[in-house]
Every structure is written in structure tokens, then in C-alpha cells.
Amino acid sequence: MTYGKRNGAVHALRGVNMVMERGDFLAFTGKSGCGKSTLLNILGAVCTPTSGFYLFELKVQTVSNLSGGQCQRTAIAGRPNLLLADALTGALDEETGGKILQIFQQLNQRGMTILIVTHDEEVSAGCHRKIRMRDGLME
């Protein structure tokens, strides 16, 4: 995924290659600007990649025109097969963030596929797999 043109182009994602299985519980970690949210936005069909492709075989539930809190509650209550969460605990106190992570773990135990973008080491430690990103690449 590239933003801008020619000399001012920013390559937000480069050479990303991954396999995600139904029931995965992934955390994408890395510094701000490394491509985590861009990848999540592509997987959630929020933005279109400038090149490449992805094959997506899970049923996705889309939520629009809701506040951030309403989206979080709807995603949890709506029972989708895939849950994408970008910095879900960033603005929450530690206790509330822990409760949200427990809910996500319970949903994952029931078979839901969950991808989380986070800077929080405790959140990423609660996931089954952690993928570190740096400068648009997966390490």
C-alpha cells in the first residue's frame, strides 16, 4: 500500500505475506506508522490496496455510522466470524482494558477469528500469535 506520489511516496505496506486461519487470535505490534492500521484497514475493506491482492474467505460483519464505543459493543454483541480491533485498549483504564481482552479471549475460544493492533504488551501477550511490524514489513 503506497500513499503519495513519486519522491513523496510512503510505502505503508511492503511484501506482506501471511496466512490467517479461522479461529486465529493475532496481535499486530510495532511503532506508530509501521503499517499495522493500514493492514487492518485493508483486511476490513476500509481501504483498497494500491497493488497486490488478498484472498478472504471469512464472513465479515460491517458496522457503520456508530460511535467508537457503539462499534465495540456491536462487534462483540453481533457475533461476527471476524473481529478487527485497532488500539482497543489505548484510551481505556487498565481494568476495563483487561475485561475487554477477557471477552475477546472468550469469543476466540468459541471460534471467532480476532486480529488486534496494539502497542500494549499485556494485550499482545493475551493473543495466540504476535506479529511485529516495522516500516511496512512483517518481522
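At 34% relative accessibility, Arg 129 counts as partly exposed (buried is under 20% relative accessible area, exposed is over 50%, and partly exposed lies in between, with a 1.4 Å probe and protein chains only). This is a predicted model: local features need pLDDT of at least 70, side-chain atom pairs count only at pLDDT 80 or more, and totals for chains, interfaces and linings use all residues. Residues are numbered from 1 along each chain as its sequence is written, and side-chain values use heavy atoms, leaving out hydrogens and water.

**Exercise 1. Take stock of the protein: list its elements in order.**

Step 1. Count the elements. The protein has four helices and seven strands. Helices (H or I, at least four residues) and strands (E, at least two) are DSSP runs, numbered from the N terminus.

Step 2. Read along the chain. From the N terminus, the order is β-β-β-α-α-β-α-β-α-β-β.

Step 3. Add the burial. The protein has 139 residues, and 33% of them count as buried.

**Exercise 2. Lay out the five-stranded sheet and find its edges.**

Step 1. Write the order. The sheet is open, and its strands run 4-5-3-6-7 with mixed pairing. Two strands pair if DSSP finds at least two bridges between them.

Step 2. Mark the edges. Strand 4 (82-86) and strand 7 each pair on one side only.

Step 3. Start at strand 4. Five bridges join it to strand 5 (residues 113-117), and the two run parallel. Within this pair, Ala 85 stands opposite Ile 116 of strand 5.

Step 4. Move on to strand 3. It pairs with strand 5 in the parallel sense over four bridges. Here Leu 26 faces Leu 115 in strand 5.

Step 5. Cross to strand 6. Strand 3 and strand 6 are also parallel, joined by four bridges. The bridge partner of Phe 28 in strand 6 is Ile 131.

**Exercise 3. Is strand 3 enclosed or open to the outside? Work it out from its residues.**

Step 1. Count. Five of the five residues of strand 3 are buried, so the strand is largely enclosed by the rest of the structure.

Step 2. Check each face. Phe 25, Ala 27 and Thr 29 are buried on one side, and Leu 26 and Phe 28 are buried on the other.

Step 3. Pick one residue. Leu 26 sits in strand 3, with a relative accessible area of 0%.

Step 4. Look across the chain. The C-alpha atoms of Leu 26 and Arg 129 are separated by 4.9 Å, although these residues are 103 apart along the chain.

**Exercise 4. Work through the salt bridges.**

Step 1. Get the total. The whole structure holds four salt bridges, each a side-chain nitrogen of Lys or Arg within 4 Å of a carboxyl oxygen of Asp or Glu.

Step 2. Return to Arg 129. Its side chain meets that of Asp 24 in a salt bridge, 3.0 Å from N to O. This pair links distant parts of the chain: Asp 24 lies in the loop between strand 2 (10-11) and strand 3 (25-29), Arg 129 lies in strand 6, and 105 residues separate them. Asp 24 is buried, at 16% relative accessibility.

Step 3. Go to helix 3 (residues 94-109). Glu 95 and Lys 99 both lie there, four residues apart, about one turn of the helix. Their side chains form a salt bridge of 3.3 Å, N to O. Why can such a spacing work? An α-helix has 3.6 residues a turn, so residues three or four places apart point the same way. Glu 95 is exposed at 55%, and Lys 99 is partly exposed at 46%.

Step 4. Add another pair. Lys 130 bridges to Glu 121, with the closest N and O atoms 3.2 Å apart. Lys 130 is partly exposed, with a relative accessible area of 46%.

**Exercise 5. Which residues of helix 1 are buried?**

Step 1. Count. Six of the eight residues of helix 1 (residues 36-43) are buried, so this helix is largely enclosed by the rest of the structure.

Step 2. Name them. They are Lys 36, Thr 38, Leu 39, Leu 40, Ile 42 and Leu 43.

**Exercise 6. Find two residues with a positive phi.**

Step 1. Recall the background. Most residues other than glycine have a negative phi.

Step 2. Look just after helix 1. Ala 45 takes a positive phi of about 60° there.

Step 3. Look at Asp 135. Its phi is near 50°, a positive value in a residue other than glycine. Asp 135 lies in the loop between strand 6 (129-134) and strand 7 (137-138).
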